[in-house]
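Thanks for making the time this morning. I would like to walk you through one model, going from the overall picture to a few individual residues, and I will start with a small puzzle once it is on the screen.

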Amino acid sequence: MSALSAQRYALGRALAMVRDRPLAFLLGVALAAIALALPLAIASLLWAARPALAQVRPAPEVSVFVSTRAAPLDVEALKGRLESLPGVSGVTLQPKDAALAQLIKRSGFVTTPAELGANPLPDVLIVRLQLPVSERSLDEVTTTVKGWPLVDSVRSDLGWYRKVQAIERLGITAIAVFGGLVVLLVTLILAGTVRLHAGTRADEVAVLNLVGATPRFIVRPYAYSAALTLALASLLALAAVFAAHAALRAPLGSLAALYGAPYTLPDPEPIHLLAVFSAALILGWVVGVVGARAAISGR
């Protein structure tokens, strides 16, 4: 038998399995689609929200408190030196006079900065670091600047940044665990379907063994059947993702408009749809082959 004939035979037997047990096939497709729909929808929404999340998450900052003895030229020189450090995206000066005026305004005192005499507040230089940044580089910048002349103290938001990093690691771990559980669930669903098909065709498998059919030839129809099951399930799951985007697009747009940031939830990109469909085909084929081999050899 030629390779093309073998493939045609395997595809025909896979379709026969579907025709013989349509309810079992549809149940497998529905269960796999339900298992895939939720993680795909969450991943799609997070991917689409990346630009908005990037704006919400501020870059780490280091506050440099300049000595009160520093002249305006010294402050400008210090600002330029900070801007030349690697990993620094920008430096903002908070003048001490403006800080004092704001403090008086908040305190409710009826006075002017000139009436208070010498300004006790220091100039503050806010150093913004580029993303991504490690805790080590943040520590290095803080330690380096502390030793500079005319720098009284340095304060970084390292504690806050560590909390953000911990939350991100927790989120990535949770997504990985959730995704692994989904893959395991889909694998068990497909393996059960394959074993059901193999169990109802024990006589056919025995005849194929008698005539000298190779294990690859025997398991190929089951691989096609499993791949078809998961391919259809992925299409249903992707349709659910589009439905979720359509349902959430108006509420998210209204919410973003309240904060003055117009936002339209985009649909998944074609390359991502193709990746999901291809991964489903490959996973279905692999589970079909392994499950069929295990079911046949277990007799």
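Where is the place of L150? It lies in the loop between α6 and β4, and I begin there because L150 has a positive phi of about 65° although it is not a glycine, whereas most residues other than glycine have a negative phi. With a relative accessible area of 27%, L150 counts as partly exposed.

Before going further, I should say that this is a predicted model, and that the protein chain averages a pLDDT of 78, with 78% of the residues scoring at least 70. Confidence is highest in helix α4, residues 72–83, at a mean of 87, and lowest in helix α8, residues 202–210, where the mean is 61. Where pLDDT is low, the predicted coordinates should not be read in detail.

Now the overall layout. The protein chain has 10 helices and 4 strands, and read from the N terminus the elements run α-α-α-β-α-β-α-β-α-β-α-α-α-α. Of its 299 residues, 34% count as buried. Among the contacts with a separation of 6 or more, 83% are between residues 24 or more positions apart.

Let me turn to the interior. The largest nonpolar core holds 28 residues, and those that touch the most other members are L36, L40, V186, L190, L230 and A233. Two or more residues of this core come from each of α1 (3–20), α2 (22–48), α7 (158–200), α9 (215–258) and α10 (270–297). There is also a second, separate core, made of 21 residues, and V75, V91, V141 and V154 are among them.

Within the largest core, L230 is a good residue to click on: if we set aside residues up to four places away in sequence, L230 touches A32, L36, V186, L190, A280, L283 and G284. Also in helix α9 is L238, which counts as buried because its relative accessibility is 11%, and the cut-off for buried is under 20%. Leaving aside neighbours within four places in sequence, L238 is in contact with L40, L273 and V276. The C-alpha atoms of L238 and A41 are separated by 8.1 Å, although the two residues are 197 apart along the chain.

A similar long-range approach involves helix α1, where L15 is found. L15 and P221 are 206 residues apart in sequence, and C-alpha to C-alpha they are 8.6 Å apart in space. L15 itself is partly exposed, with a relative accessible area of 39%.

What does a search of the whole structure find in the way of aromatic pairs? It finds 1, formed by Y224 and W285 in an edge-to-face arrangement, with 5.3 Å centre to centre and 80° between the planes. This pair links distant parts of the chain, since Y224 is in helix α9 and W285 is in helix α10, 61 residues away. Y224 is partly exposed, at a relative accessible area of 22%, and W285 also counts as partly exposed, at 34%.

I would like to finish with helix α4 and its surroundings. The 12 residues of α4 should span 16 Å at 1.5 Å a residue, and the C-alpha atoms at its ends are 17 Å apart, which agrees with that expectation. Which residues of α4 are buried? They are V75, L78 and L82, and because they cover an arc of only 65° around the axis, they sit on the same side of α4. On the other side of α4, L73 and A77 are exposed. The buried residues of α4 pack against β1 (61–66), β2 (88–94), β3 (124–129), α6 (135–146) and β4 (151–156).

One of those partners, helix α6, contains T142. Is T142 buried or exposed? At 8% relative accessibility, T142 counts as buried, and apart from neighbours within four places in sequence, it is in contact with V62, V154 and S156. V154 also belongs to the second core, and that brings us back to the part of the chain where we started, with L150 in the loop between α6 and β4.

Note on methods. Residues are numbered from 1 along each chain as its sequence is written. This is a predicted model: local features need pLDDT of at least 70, side-chain atom pairs count only at pLDDT 80 or more; totals for chains, interfaces and linings use all residues. Side-chain values use heavy atoms; hydrogens and water are left out. pLDDT is the predictor's confidence in each residue, from 0 to 100. A nonpolar core is a set of buried Ala, Val, Leu, Ile, Met, Phe, Trp, Tyr and Cys residues joined through side-chain atoms within 4.5 Å. Buried means under 20% relative accessible area, exposed over 50%, partly exposed in between (1.4 Å probe, protein chains only). Contact means heavy atoms within 4.5 Å. The expected span of a helix is 1.5 Å times one less than its number of residues. The arc is that of the directions from the helix axis to the C-beta atoms. Rings of Phe, Tyr and Trp (its six-membered ring) pair if their centres lie within 6.5 Å; planes under 30 degrees apart count as stacked, over 60 as edge-to-face and the rest as tilted.
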